[in-house]
Structures are given as structure tokens and as C-alpha cells.
Amino acid sequence: MTLCGPEIIGADPVRPKWQIVRGDTAKLRIEFLENDEETYYDINNWDFVSTAYDFRGDILDELKVLVYDGYVDIVASSDLTEAWGNGYISVTAELMFDLEVTIDDGTVWTPVIGTIMVLGDVSGTL
């Protein structure tokens, strides 16, 4: 998933649907690009937080954010996803998630607000 840079602060956030199999580790890459859509922004001094929210249990889970040169990976570890939903139905849970950025000038920006669709694990041990 690619985003343009912070000059679009205040614009509608990207709203991805992220599909994760319950009990699996999953990763979603978010790229921050200059207007030429090829050059990465320098995000080394930005702080990132990502959280998933399960409204059925009123639970917040912090997702790991790995920062690279111009992009981040949001990671949902298997120990988190195994608790998301239950049963052998096709979609065991639906959670909201976001990515919040504090830019080095102190500006807070939420470029991503999406939905995690947790798919049932049929052959696993859950």
C-alpha cells in the first residue's frame, strides 16, 4: 500500500481491508512517497503507533511497527491473531486498526484507518 507524503495531512486516510488467517503472523507494508511516486520520504525521525481494536471484547492490541527507509511494516504476531475470533467459520472476527504518525515537527497524522478481517483456520490447532 502506497501513500503520498505528509503534505496530505488532513486528507481522508487510506482505508484498507487486511485479511489475516487466525493464528498466523501477518504483515502489511505502508510506503510514504514524494509527489513523483518513486522517491521515499525520510521518515527516520517519525514515531509510529499501530493499534487493533476488537469492539466485541473492547480490547486494544498494539501492533508492532517496523520502520525502514521510506516505509513501515505493520506486524500482527501469531500470539495476537490466535485470540481474534473463534470457531471454524469463514470470518471469525472483524477488527478496526490504524497507523498513527508523529512527524518530527510534532504534527500528529493518521494516514491509515482500516479493517482486519480474521479468517478461520481450519487445518491449524486453534
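**Group meeting talk: a predicted chain of strands and one helix**

Let me begin with Val118, whose place is in strand 8; helices (H or I, at least four residues) and strands (E, at least two) are DSSP runs, numbered from the N terminus. The model is predicted: local features need pLDDT of at least 70, side-chain atom pairs count only at pLDDT 80 or more, and totals for chains, interfaces and linings use all residues. Residues are numbered from 1 along each chain as its sequence is written, and side-chain values use heavy atoms, with hydrogens and water left out.

Val118 has a relative accessible area of 0% and is therefore buried. In this talk, buried means under 20% relative accessible area, exposed means over 50%, and partly exposed lies in between (1.4 Å probe, protein chains only). Leaving out residues up to four places away in sequence, Val118 touches Ile20, Arg22, Trp84, Ser90, Val91, Thr92, Ala93 and Leu95, where contact means heavy atoms within 4.5 Å. Its C-alpha atom is separated by 8.4 Å from that of Trp18, and these two residues are 100 residues apart along the chain.

I turn now to the chain as a whole. It contains one helix and eight strands, in the sequence order β-β-β-β-β-β-α-β-β. Of its 126 residues, 40% are buried. Among contacts between residues at least 6 apart in sequence, 67% join residues at least 24 apart. The accessible surface is about 7,100 Å², with 47% belonging to carbon and sulfur atoms; accessible areas come from the Shrake-Rupley method with a 1.4 Å probe, and for residues only the protein chains shown count as cover.

A second buried position is Phe48, in strand 4 (residues 47–54). Phe48 counts as buried because its relative accessibility is 13%. Beyond its neighbours within four places in sequence, Phe48 is in contact with eight residues that I shall list in full: Phe32, Ile43, Val65, Val67, Val72, Leu99, Glu100 and Val101. The C-alpha atoms of Phe48 and Ile103 are separated by 8.8 Å, with their positions 55 residues apart along the chain.

Next, the charged side chains. Side chains of opposite charge can pair when their charged atoms come close. The count comes to two salt bridges, each defined as a side-chain nitrogen of Lys or Arg within 4 Å of a carboxyl oxygen of Asp or Glu. In one of them, Lys27 meets Asp73 at 3.9 Å, N to O. Lys27 lies in strand 3 and Asp73 in strand 6 (residues 71–76), so this pair ties together parts that are 46 residues apart in sequence. Arg29 also forms a salt bridge with Asp73, the closest N and O atoms being 2.8 Å apart. Because Arg29 lies in strand 3 and Asp73 in strand 6, this pair ties together parts 44 residues apart in sequence. Lys27, Arg29 and Asp73 are thus linked in a network of salt bridges.

How exposed or buried are Lys27, Arg29 and Asp73? Lys27 is exposed at 52% relative accessibility, Arg29 is partly exposed at 34%, and Asp73 is buried at 1%.

Finally, a loop residue. Glu37 is found in the loop between strand 3 (26–33) and strand 4, and counts as exposed at 55% relative accessibility. Most residues other than glycine have a negative phi. Glu37, however, has a positive phi, near 60 degrees.
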